Amino acid sequence: MSVIRLGSLAKLNCALATKVLTLVFVYEDDAEGKPKEVLLGLKKRGFGCGKWNGFGGKVEPGETIAEGAARELKEECGLQCETKDLLPQGYLLFQMADKELFKVHVFCTRKYSGEVQESEEMQPQWWTVAKGMPFDKMWPDDEFWFPFMFHKDFFYGEFIFAEDDKTILGKQVGTAEPEPLEKMAASVPRPVEG
């Protein structure tokens, strides 16, 4: 595996195929407006099986990033959210061994409708923030950027994983300027038919 220097993942779009993904966290706030509970889902199949995470996945051709996030939230836990109520919280870049580069747009929402329900892919459960997150059953990078998310700071993170998808070979995490709305609203191009 070729190890990439930290800070360079964002520049690798031409060297590695980049997959655009979303991740949504649903919050219930306390009286002071701080996150009291967060809804996580236990992944039941596929990549990340057995790990607690937010709800999300790939952005489909023709969707905006926010539309993809709202669709994935509904498919994975039954909650509906308007795209205007998805607040951009940060972005994450991952290199998983020799696989493609993942750029994950992280959103949070406090406005939703519907009832939480289990899907074929996820088993949702509310977690009390003050009691701690199940980091031992989550992706190992989560413990580094969750504090930024809970403090409502826009953040970025870059992580390089070993082939076991568990060992972090390098990381860089911090606050960032929010991406321009027009970039967050950009859609994934439709495939050219020919």
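Biologist: How many helices and strands are there in the protein?
Modeller: This is a predicted model, in which local features need pLDDT of at least 70 and side-chain atom pairs count only at pLDDT 80 or more, while totals for chains, interfaces and linings use all residues. The elements are DSSP runs numbered from the N terminus, helices being H or I over at least four residues and strands E over at least two, and from that terminus on they follow the order β-β-β-α-β-β-β-α-β-β-α. In total there are three helices and eight strands.

Biologist: Which element has the lowest confidence, and which the highest?
Modeller: Residues are numbered from 1 along each chain as its sequence is written, and side-chain values use heavy atoms, with hydrogens and water left out. The protein has a mean pLDDT (the predictor's confidence in each residue, from 0 to 100) of 85, and 83% of its residues reach 70 or more. The lowest value belongs to helix H3 (residues 181-184), at a mean of 50, and the highest, 98, to strand S3 (residues 52-53).

Biologist: Where does pLDDT stay under 50?
Modeller: One such stretch is residues 1-6, for which the model has 18 contacts (heavy atoms within 4.5 Å) beyond four places in sequence. Another has 17 contacts beyond four places in sequence. Where pLDDT is low, the predicted coordinates should not be read in detail. The stretches are residues 1-6 and residues 185-194.

Biologist: Why can strand S4 be called largely enclosed by the rest of the structure?
Modeller: Buried here means under 20% relative accessible area, exposed over 50% and partly exposed in between, with a 1.4 Å probe and protein chains only, and by this measure 46% of the 194 residues in the protein are buried. Strand S4 (residues 87-96) is largely enclosed because the buried ones among its 10 residues number eight.

Biologist: Which strands pair with S4, and in what sense?
Modeller: Pairing requires at least two DSSP bridges between two strands. With S5 (residues 101-109) there are eight bridges, and proline 88 stands opposite phenylalanine 107 there. With S7 (residues 155-161) there are seven, and the bridge partner of leucine 92 is glycine 157. The partners are S5 in the antiparallel sense and S7 in the parallel one.

Biologist: On how wide an arc do the buried residues of helix H2 lie?
Modeller: In H2 (residues 142-150), the buried residues are Asp142, Trp145, Phe146, Met149 and Phe150. They are on the same side of H2, because the arc around the axis, taken from the directions from the helix axis to the C-beta atoms, is only 145 degrees.

Biologist: What is the phi of lysine 152?
Modeller: Lysine 152 sits in the loop between H2 and S7, and its relative accessible area of 44% makes it partly exposed. Although it is not a glycine, its phi is positive, at about 65 degrees.

Biologist: Is aspartate 165, in the loop between S7 and strand S8 (168-175), buried or exposed?
Modeller: Aspartate 165 also has a positive phi, of about 60 degrees, although it is not a glycine. With a relative accessible area of 15%, aspartate 165 is buried.

Biologist: Which residues does alanine 70 touch, not counting those up to four places away in sequence?
Modeller: Alanine 70 lies in helix H1 (residues 65-77) and counts as buried at 13% relative accessibility. Its C-alpha atom is 9.1 Å from that of threonine 22, which is 48 residues apart from it along the chain. The residues touched are Cys81, Thr83 and Leu86.

Biologist: Which element supplies the largest share of the lining of the largest pocket?
Modeller: On a 1 Å grid over the protein atoms alone, a pocket is an open set of points where a 1.4 Å probe fits, with protein on both sides within 12 Å along at least five of seven lines, and lining residues have an atom within 4 Å of a point. The volume, the space filled by probe spheres set on points joined across faces, edges and corners, is about 660 Å³ for the largest pocket. Of its 29 lining residues, the closest to the centre are Leu21, Phe47, Asn53, Gly56 and Gly57. Strand S1 (18-29), H1, S4, S5 and H2 each supply at least two lining residues, and the largest share, four residues, comes from S1.
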